[in-house]
Amino acid sequence: MASLQRLVGSMATSESQLQAETIGAAHYALYSKKNEVTNQIDNNNQSLLSKQGPTWDGIMSSQRQPQTVTSPPSTQPPASEPTAGVMTGETTAATTAAEGNIGPTTVNAAANDITDVDPTADLDPNDDEEQNRENMKHGLVVYICGDKLHLAPLDHPQKILDIGTGTGIWAIDMGGEYPSAEITGVDLNKIQPSWVPPNVGFVVDDAEMEWIYPPNSLDYIHLRHMALAIKDMPRLLTQAYRALKPGGWIELQDFLYFTHSEDDSKPDDYKFDEFVRLLHEAFLEFGFDLHGQLKNEGMVKDAGFVNVDHQRYKVPIGTWPDDARLKQAGMYNLAVVHDFFSAVMAPFTRGLGWSTEQVEVFVTDMRRSIQNTSIHAYYTFHTVIGQKPLDAA
C-alpha cells in the first residue's frame with residue numbers, strides 16, 4: 001500500500017514497529033471508511049458518473065480586478081483554553097469557558113484578525129501528500145458526524161456552493177447524494193479531478209472577492225476548515241446571506257485543537273498542547289488565527305442568520321476510548337494527526353524561525369507522544385449552521 005510505505009518510510013528509525021503498525025492500520029481503516037461512504041453514494045447514483053461533467057468552464061477570477069484588504073492583522077491570542085466537558089455529538093447545555101465566552105464577534109472585531117493572503121499562500125502545502133490528508137480528514141469528519149455530509153436540514157436543494165472545496169471530495173459526494181442539485185466547488189487551486197458527476201463543477205476563484213452569484217439564488221453554502229483560509233469572514237457571511245434564498249442554509253465546520261481530558265490523564269506538559277500553542281503562535285506571525293472558528297457562531301448570528309445551531313463532537317487522539325465508535329474515530333484521527341505534523345515546516349521555519357532540523361526532531365517527538373494510550377485526550381469538531389429568514393427580502 002503506497003500510503004503505508006510512504007508513512008513508514010517517513011518515521012524515525014527510533015520509533016517502534018508497533019507504532020508504525022498502529023498508524024498504518026489507522027491509514028488503512030480511514031481510507032477504507034472514506035471509500036465505503038463514497039462507494040455507497042456512487043452505487044446509488046452510478047448513472048451520474050460521467051467525464052462530461054463541467055470542468056473549469058466557469059472560471060470567474062478573470063472577470064475581476066484584485067481588491068486590497070487594509071485591515072491590520074491581529075496579534076492577540078484567543079481566549080484561555082476551555083475546560084474539559086462532556087461532548088458526544090449532541091449540543092451541550094453549557095459550553096466551555098473559552099468556547100462560550102470569547103468576546104466581541106462583530107464585523108469590526110473580526111476584521112482585526114485578517115491579512116492579505118498572497119504573502120502566505122504557500123504556508124499550507126498543496127502537494128499529493130497534503131491532498132491525501134485532506135481526503136482522509138473528509139472521511140474522519142463524515143464518520144464523526146454520523147456518516148452525514150452535512151447537518152443543515154436540507155430539503156431538495158437545487159443549488160449548492162462549497163467554499164474552499166480543496167480536492168473536491170465533499171462536493172463530489174454531495175453530487176451523488178443530491179443528483180437533482182447543481183453543486184459548485186470554489187477554490188484558489190485547480191486540484192480537483194475531471195471525473196465527476198455531471199451535476200458537479202469546480203471553478204477557480206477567490207471567495208473573498210465580490211461574488212457574482214445573484215441574490216436569492218443558492219439553497220446551501222458549505223465551508224469546512226476555513227479558519228486559516230478566510231481573511232474577512234464577516235464580509236464573506238454578508239455575501240453568503242445575500243446569495244442565499246430565503247430559507248437557505250449556511251454551514252461552517254472546523255476542528256478546534258484545544259485538548260481536553262475527563263479523567264485528568266493529560267499531563268500539564270502534554271506535547272500536543274505544546275504543538276498547538278506553537279502552531280497558533282506561528283500563524284499569528286502572518287495574521288492568521290488557528291482558533292478563529294471560536295467566533296463562527298457569533299459571526300453567523302451577526303450576519304442576520306436565524307435558527308443558528310452549534311454542535312460539538314469529540315475527536316479522540318488515539319484508540320483509548322471504550323466506546324466502539326469513539327475508538328474508531330480515534331484511530332482515524334491518529335492517522336490524520338500523524339500526517340498533519342508533516343505540514344508544519346513552513347509556519348515553523350518562517351513564523352518561528354526554527355531550523356529544518358529543529359522541526360524534524362520536534363515532529364518525531366510529537367509522533368511518538370500521540371501513541372501514549374494512557375493519555376486520554378481529545379479535541380473537538382464544531383459545526384455551526386444558520387438559516388436565512390423566510391421573510392428576508
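# Exercises on a seven-stranded sheet and its cores

Asp-254 stands opposite His-382 in β7. Keep that pair in view as you work through these exercises on a predicted model.

**Exercise 1. Find which strands hold the opening pair, how many bridges join them, and which way they run.**

Solution.
- Start with Asp-254: strand β5 covers residues 244–260.
- Next take its partner, His-382, in β7, a strand that spans residues 378–387.
- Now count the links: β5 and β7 are joined by nine bridges, and the two strands run antiparallel.

**Exercise 2. Place β5 and β7 in the sheet, and work out which strands form its edges.**

Solution.
- Write down the order first: β3-β2-β1-β4-β5-β7-β6, an open sheet of seven strands with mixed pairing.
- Then look at the ends. β3 and β6 (306–316) are the edge strands, since each pairs on one side only.
- Finally, check the twist: on average, neighbouring strands of this sheet are turned by 15° against each other, ignoring direction.
- For the wider setting, the chain has twelve helices and seven strands.

**Exercise 3. Trace the pairing on both sides of β2, with one residue pair for each side.**

Solution.
- On one side, strand β1 (residues 159–163) is joined to β2 by five bridges, and the two run parallel. Here you can find Leu-161 opposite Thr-184.
- On the other side, β2 is linked to strand β3 (residues 200–204), again parallel and with five bridges. In this case Gly-185 faces Phe-202.
- Now add the connection: β1, α6 and β2 make up a β-α-β unit, and it is right-handed.

**Exercise 4. Decide whether helix α6 is mostly covered or mostly open, and say which strands it lies across.**

Solution.
- Begin with the cut-off: a residue is buried when its relative accessible area is under 20%.
- Apply it to α6 (residues 169–177): eight of the nine residues are buried, so by this definition the helix is mostly covered.
- Name some of them: the buried set includes Trp-170, Ile-172, Asp-173 and Met-174.
- Then look beneath the helix. α6 lies across β1, β2, β3 and β4 (218–224), and runs at about 155° to β3.
- Strand β2 is mostly covered too, with five of its six residues buried.
- For comparison, try helix α7 (residues 233–243), which lies across β1, β4 and β5 and runs at about 150° to β5.

**Exercise 5. Identify the residues that touch the most other members of the largest nonpolar core, and the element that gives the largest share.**

Solution.
- A useful background idea is that nonpolar side chains tend to be buried together in soluble globular proteins.
- In this model the largest nonpolar core has 43 residues, and Ile-144, Phe-255, Phe-272 and Phe-275 touch the most other members.
- Elements giving two or more residues to this core include α5 (128–144), β5, α8 (271–284), β6 and β7. The largest share is seven residues, from α10.
- Zoom in on Ile-144: setting aside neighbours within four places in sequence, Ile-144 contacts Phe-255, Tyr-313, Val-315, Ala-329 and Phe-381.
- Another core, of 25 residues, lies apart from this one; Val-186, Leu-218, Leu-237 and Val-300 are among its members.

**Exercise 6. Say what share of the chain is buried, and what share of contacts join residues at least 24 apart.**

Solution.
- Burial comes first: 57% of the 393 residues in the chain are buried.
- For contacts, take those between residues at least 6 apart in sequence; 81% of these join residues at least 24 apart.
- To finish, the chain's accessible surface is about 17,100 Å², with 49% belonging to carbon and sulfur atoms.

Key. Residues are numbered from 1 along each chain as its sequence is written. This is a predicted model: local features need pLDDT of at least 70, side-chain atom pairs count only at pLDDT 80 or more; totals for chains, interfaces and linings use all residues. Side-chain values use heavy atoms; hydrogens and water are left out. Helices (H or I, at least four residues) and strands (E, at least two) are DSSP runs, numbered from the N terminus. Buried means under 20% relative accessible area, exposed over 50%, partly exposed in between (1.4 Å probe, protein chains only). Contact means heavy atoms within 4.5 Å. Accessible areas come from the Shrake-Rupley method with a 1.4 Å probe; for residues, only the protein chains shown count as cover. Two strands pair if DSSP finds at least two bridges between them. A crossover is right-handed if, with the strands pointing away from the viewer, the path from the first strand over the helix to the second runs clockwise. Axes are lines fitted to C-alpha atoms, for helices over the stretch in contact, and angles run from 0 to 180 degrees between N-to-C directions. A nonpolar core is a set of buried Ala, Val, Leu, Ile, Met, Phe, Trp, Tyr and Cys residues joined through side-chain atoms within 4.5 Å.
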